[in-house]
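Trainee: I have a model open and would like to learn how to read it. Can we go through it in short questions?

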Amino acid sequence: MKTIIEPFRVKMVEPIRMTTRSEREEILRDARYNLFAIRSEDVLIDLLTDSGTSAMSAAQWGAMIQGDEAYACARSFFRFERTIRELTGYRHILPTHQGRAAERILFGVLGKPGMVVPNNSHFDTTRANVEHVGCRAVDLPCAESHDLAAEVPFKGNMDLEGLKRAIGEHGRERIPLVMVTITNNSGGGQPVSLANLRAVSELAHSHGIPVYLDAARFAENAYFIKLQEEGQAARSVREIAKEIFRLTDGCTMSAKKDALVNIGGFLATNDEEVAVKMRNLLILTEGFTTYGGLAGRDLEAIAQGLEEVLDEDYLRYRLASTRYLGRKLVELGIPILRPVGGHAVYLDARGFLPHLSAVAYPGQALAVAIFREGGVRSVEVGQVMFGRRDAAGVEAPVERDLVRMAIPRRVYTQSHVDYVAEVMEEVWKQRAEVKGLRISWEPPALRHFTCRFDLA
Ligand SMILES: *Cc1c(COP(=O)(O)O)cnc(C)c1O
């Protein structure tokens, strides 16, 4: 088989500024060892996130010029709505400025204090929005997902028995909706199978509970289903994606992922009564119902991006490029979450740095070491992101400490990824020298974005 190449050529370039190791040492000190505080021009290869970092196509830039910027009922809204309705089948479609705005409105309408929201794994902003309205966010990842190294497909699945128990315990009255995140971002970008989604949907619906997707990476998930699920190989990804959406009652979507744009999102539902309440909240905080905090040109770029993301040459390259980095790291003996997910490679920081305890923040320490070595920015997904202090200020260790190296869509080439692997090889050789960190300041919620560290 021949090399799976980038299925595009480059029309416009953006220079990367090279830095030295001593410059990076100073950059890290100035940022208080929080990589969110590092200026983009000080980063060589930015794998912080795949969110909003996609390169847009010539067709998307062309569509932006066509944007209709009318306040109400712009032509661009109807293109956006038509594209999403054709893909998802949902009846009511509300543009939002990003995924979390959709989450805030969804839980603002359906969530009441004391309720419980099950999810295969809540993304951090989803959890924060669930908790913000006084609900409890319950993660129900499947049993296989707890073994980081197990090479099993569909480790993003929801634990059906767990869902059954949750419904038995809390009942329809206290479960406003079941959410399924595709792919499962907090769980390592692992896909959810059609079989699992069908079973979740049947179970929830048999109790009258609606199912909503967190659909940020629906196309990557659909391609995994085509590649790995029995009986799906002959179907088009578009057909699979359509079925995924039609098994559910609505979705939140961060268009910054699989809509291949730099900003945007949407919220959708089939429930008329719920949609009326959602629109009222949308107008209050986002904008009129046909723009929801976005410009007409953004709606155009999203509509075009949702077409391009289902191109199977694109998806083949997309999943291959993530797998390529994963395979290189496995060959070096570096412990990673397996199999490799759709949008990112996740390093097992506790396996990488076994000499550090959970509260020495091994994930953060590893992310800092990677930046110091090669100017590569990644993100901790572990104790810093999910740790909670008790009344005495003590943190219990969370289940695992990962470092996510997310691959932006259509941005980096194979030689960029080769460079990242070389940086990782060097950090791996020097892993025994990597020191832990202490938090010197933190805010009350979502601390990973702004907290400050000292070297321990
Ligand atoms: C990014 C993301 C969100 C939040 O979307 P924003 O556009 O960043 O607000 C929600 N869920 C998942 C799974 C995501 O990856």
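What follows is a set of questions and answers on helices, a ligand, ring pairs and backbone angles.

Trainee: What kind of model is this, and how are residues numbered?

Mentor: This is a predicted model: local features need pLDDT of at least 70, side-chain atom pairs count only at pLDDT 80 or more, and totals for chains, interfaces and linings use all residues. Side-chain values use heavy atoms, with hydrogens and water left out, and residues are numbered from 1 along each chain as its sequence is written.

Trainee: How far apart are the end C-alpha atoms of helix H7?

Mentor: Helices (H or I, at least four residues) and strands (E, at least two) are DSSP runs, numbered from the N terminus. The expected span of a helix is 1.5 Å times one less than its number of residues. H7 covers residues 194-206, which is 13 residues, so the span should be 18 Å. The end C-alpha atoms agree with that: they are 18 Å apart.

Trainee: Which residues of H7 are buried?

Mentor: Buried means under 20% relative accessible area, exposed over 50%, and partly exposed in between (1.4 Å probe, protein chains only). An α-helix has 3.6 residues a turn, so residues three or four places apart point the same way. The buried residues here are Leu194, Asn196, Leu197, Val200, Ser201, Leu203 and Ala204.

Trainee: What covers the buried residues of H7?

Mentor: Contact means heavy atoms within 4.5 Å. The cover includes strand S5 (178-181), strand S6 (211-214), helix H6 (160-174), helix H8 (218-228) and helix H9 (237-246).

Trainee: How many residues of H8 are buried?

Mentor: Look first at what the buried residues of H8 pack against: helix H3 (75-88), H7, H9, strand S7 (250-254), helix H11 (296-308) and H12. Among the buried residues are Phe218, Glu220 and Lys226. H8 is mostly covered, and the count of buried residues is 9 of 11.

Trainee: Which residues are closest to the ligand?

Mentor: A residue is near the ligand if one of its heavy atoms lies within 4 Å of it. By that rule 13 residues surround the ligand. The closest are Gly99, Arg100, Asp214, Ser254 and Lys257.

Trainee: How much of the ligand's accessible area does the protein cover?

Mentor: Start with polar contacts, pairs of N or O atoms within 3.5 Å. A ligand oxygen atom is 2.8 Å from a polar backbone atom of glycine 99, and an oxygen atom of the ligand is 2.8 Å from an N or O atom in the side chain of arginine 100. Arginine 217 also has a polar side-chain atom 2.8 Å from an oxygen atom of the ligand. On its own the ligand has 380 Å² of accessible area (Shrake-Rupley method, 1.4 Å probe), and the protein covers 98%.

Trainee: What type of aromatic pair do phenylalanine 8 and tyrosine 317 form?

Mentor: Rings of Phe, Tyr and Trp (its six-membered ring) pair if their centres lie within 6.5 Å; planes under 30 degrees apart count as stacked, over 60 as edge-to-face and the rest as tilted. By this rule there are 12 aromatic pairs. For phenylalanine 8 and tyrosine 317, the centres are 5.5 Å apart and the planes are at 85 degrees, so the pair is edge-to-face.

Trainee: How many residues apart are the two partners?

Mentor: Phenylalanine 8 is in the segment before helix H1 (21-30), and tyrosine 317 is in helix H12 (residues 312-332). The pair links distant parts of the chain, 309 residues apart.

Trainee: Is tyrosine 317 buried or exposed?

Mentor: Its partner, phenylalanine 8, is partly exposed at 30% relative accessible area. Tyrosine 317 has 6% relative accessibility, so tyrosine 317 counts as buried.

Trainee: Where is threonine 183, and what is the omega of the peptide bond from isoleucine 182?

Mentor: Threonine 183 lies in the loop between S5 and H7. With a relative accessible area of 0%, threonine 183 is buried. The peptide bond from isoleucine 182 to threonine 183 is cis, with omega near -20 degrees.

Trainee: What is the phi of tyrosine 33?

Mentor: Tyrosine 33 sits in the loop between H1 and strand S1 (45-46). Tyrosine 33 is not a glycine, yet its phi is positive, at about 60 degrees.

Note on methods: Polar contact = N/O pair within 3.5 Å; in protein donor to acceptor, adjacent residues only side chain to side chain.
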